[in-house]
Amino acid sequence: MFFTVQIESTEDGEYQASCADPLVSSRGLTPAIALDRLGAEIRYRLEFCPCSSVDDDYIQLRIEG
């Protein structure tokens with residue numbers, strides 16, 4: 001499943017990655033860390049209960065702009 005994300009640098013030198021659907025964002029010292037954290041947060045929100053799991057391959061981030 002593809003999720004469109006945006007990434008931008010912040011005033012404090014970090015990077016913020018955000019997604020509009022689901023509405024979620026994450027921060028990191030590098031763009032890669034911010035995107036990894038965002039993917040993990042999306043995966044967490046897609047899991048319906050602790051017994052279900054979402055494979056890493058299911059989450060694909062498409063960087064916009």
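Which residues make up the largest nonpolar core of the protein chain?

## The nonpolar core

In this predicted model, the largest nonpolar core consists of 10 residues, namely F3, V5, A17, C19, V24, A34, L35, L38, I42 and I59. The elements that each contribute two or more residues to this core are β1 (2-9), β2 (15-19) and α1 (31-46), and of these α1 gives the most, with 4 residues.

One member of the core, C19, can be followed through its contacts: leaving aside residues up to four places away in sequence, C19 touches F3, T4, V5, V24, L38 and I42.

## Fold and overall dimensions

The secondary structure of the protein chain comprises 1 helix and 4 strands, which appear along the sequence in the pattern β-β-β-α-β. Among contacts with a separation of 6 or more, 26% are made by residues 24 or more positions apart.

The C-alpha trace spans about 40 × 20 × 20 Å along its principal axes. The radius of gyration of the protein chain is 12 Å, which agrees with a compact globule, because a globule with 65 residues would have a value near 11 Å.

## Surface and charge

Of the 65 residues in the protein chain, 23% count as buried, where buried means under 20% relative accessible area. The protein chain exposes about 4700 Å², and carbon and sulfur atoms supply 50% of that area.

As for charge, the protein chain carries 5 positive and 12 negative side chains, and the centres of these two sets lie 1 Å apart.

Terms used. Residues are numbered from 1 along each chain as its sequence is written. This is a predicted model: local features need pLDDT of at least 70, side-chain atom pairs count only at pLDDT 80 or more; totals for chains, interfaces and linings use all residues. Side-chain values use heavy atoms; hydrogens and water are left out. The radius of gyration is taken over C-alpha atoms; the globule rule is 2.2 Å times the number of residues to the power 0.38. Buried means under 20% relative accessible area, exposed over 50%, partly exposed in between (1.4 Å probe, protein chains only). Contact means heavy atoms within 4.5 Å. Accessible areas come from the Shrake-Rupley method with a 1.4 Å probe; for residues, only the protein chains shown count as cover. Lys and Arg count as positive and Asp and Glu as negative; His and the chain ends are not counted. The place of a charge is taken as NZ of Lys, CZ of Arg, CG of Asp or CD of Glu. A nonpolar core is a set of buried Ala, Val, Leu, Ile, Met, Phe, Trp, Tyr and Cys residues joined through side-chain atoms within 4.5 Å.
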